[in-house]
Amino acid sequence: MRLILAGGGKMGEAFLAGLLRSRTVEPEAVLVVEVDPARRTYLNRTFSGIQTADNLPERKICADFDLLLVAVKPADLPEILDSARVRVPPSVVILSIAAGVTISSIKRRLGKDYKIVRAMPNLGATVGAGVSAYAVDEHVSEEEKAKARQVLEAIGPTIDVPENKLDAVTALSGSGPAYVFLLAEAMESAGKKLGLSREETAVLVPHTLLGAGLLLVERGSSAPGGRSAREWREAVTSKGGTTEAALEVLRNRNFVEAVEEAIEAAAKRAAHLDPLASSEAKN
């Protein structure tokens, strides 16, 4: 596979590291387009053998690549797509990870002949523990779909969903790390109130969350004979014990309902994030 990566920021770097580590692509088959010269220098030093540039190359060079992974900031998306319309032929699959930007919106910007894959990875990608969901344009072949999936799987597990579910994915797993961080903050604060030091909570809290996450991944409902989140909760909750006392408070404060409402609010916001739509409205 030959790949152009547009955007060499933290998420772009995460994909680059995963792709090279998994040997999905070889360094010499990657071109990173990054406008920041200091960032280009960093990427060249970190990932020996890759190519970098400040803009997409001319059309005949772009035609030699299989896929363009668009990992720029939302504000930069209109500019990179306008450049792609001129320089990247429709034979190159466009893989966008821009939250809230629909396949139809991208095609309006590029042209109806372009093949689009829309994906939603999350922050875990930066430590090799991401998760993604993706949807494909009807013009994407099975072979092209498989290549796009390979790219996404370089940073973690990946699922294929209808596009109308991607806003829900954005709300659940895209924004999900922030919910866990807020829980971690609350746990750290509670620990300090109970007399634990900052250094002590800094060890106890993240490893508690990590252990619980690993149990859900390795022995959860997706594993043969595994337990669901509810079953794990019930298994660790002894009648009259400390865990039951804590969970009773959370139930009384409508913890589950609050989380559900929060994720619903994120999904509604995701449906109105499209910078291409706002750009078209201005024009």
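This report walks through salt bridges, a charged surface patch and the packing of one helix in a predicted model.

**Salt bridges**

Let us start with the charged pairs. Across the whole structure, a search turns up 15 salt bridges. Three of them are set out below, each with its N to O separation.

| Acidic residue | Basic residue | N to O separation |
|---|---|---|
| Glu26 | Arg23 | 3.0 Å |
| Glu58 | Lys60 | 4.0 Å |
| Glu234 | Arg230 | 4.0 Å |

How open to the surroundings are the partners? In the pair of Glu26 and Arg23, the glutamate is partly exposed, with a relative accessible area of 29%, while Arg23 is exposed at 59%. For the bridge that links Glu58 to Lys60, Glu58 is partly exposed, its relative accessible area being 43%, and Lys60 is exposed at 63%.

The third pair has a helical setting that you can follow in the structure. Both Arg230 and Glu234 belong to helix H10, which covers residues 229-235, and they sit four residues apart, about one turn of the helix. An α-helix has 3.6 residues a turn, so residues placed three or four positions apart point the same way. Arg230 counts as exposed, with 58% relative accessibility, and Glu234 counts as partly exposed, with 46%. Elsewhere, Asp82, Arg85 and Arg109 are joined into one network by salt bridges that share partners.

**A negative patch on the surface**

Acidic residues also gather without a bridging partner. Which residues form the patch of negative charge on the surface? The patch brings together Glu257, Glu260, Glu261 and Glu264. One of these, Glu260, has its place in helix H12, which runs over residues 255-270. Glu260 is partly exposed, and its relative accessible area is 44%. Residues need over 30% relative accessible area and no salt bridge to join a patch, so Glu260, at 44%, clears the accessibility cut-off.

**The buried side of helix H7**

Helix H12 comes up again when we turn to the interior. Helix H7 spans residues 166-174, and its buried residues are Leu166, Asp167, Val169, Thr170, Ala171 and Ser173. What do the buried residues of H7 pack against? Their neighbours are two strands, E6 (116-120) and E7 (132-136), together with helix H8 (176-193) and H12. Helix H12 is thus a shared landmark for this tour: it holds Glu260 of the negative patch, and it is among the elements that the buried residues of H7 pack against.

Note on methods: Residues numbered from 1 in each chain as written. Predicted model: local features only at pLDDT ≥ 70, side-chain atom pairs only at ≥ 80, totals over all residues. Heavy atoms only, no water. Patch = residues over 30% accessible without salt bridge, like charges linked within 9 Å, V, L, I, M, F, W, Y side chains within 5 Å. Areas by Shrake-Rupley, 256 points an atom, 1.4 Å probe, with all protein chains shown as cover. Salt bridge = Lys/Arg side-chain N within 4 Å of Asp/Glu carboxyl O. Lys, Arg positive; Asp, Glu negative; His and termini not counted. Charge placed at Lys NZ, Arg CZ, Asp CG, Glu CD. Buried < 20%, exposed > 50% of the residue type's maximum accessible area, 1.4 Å probe, protein only. Contact = heavy atoms within 4.5 Å.
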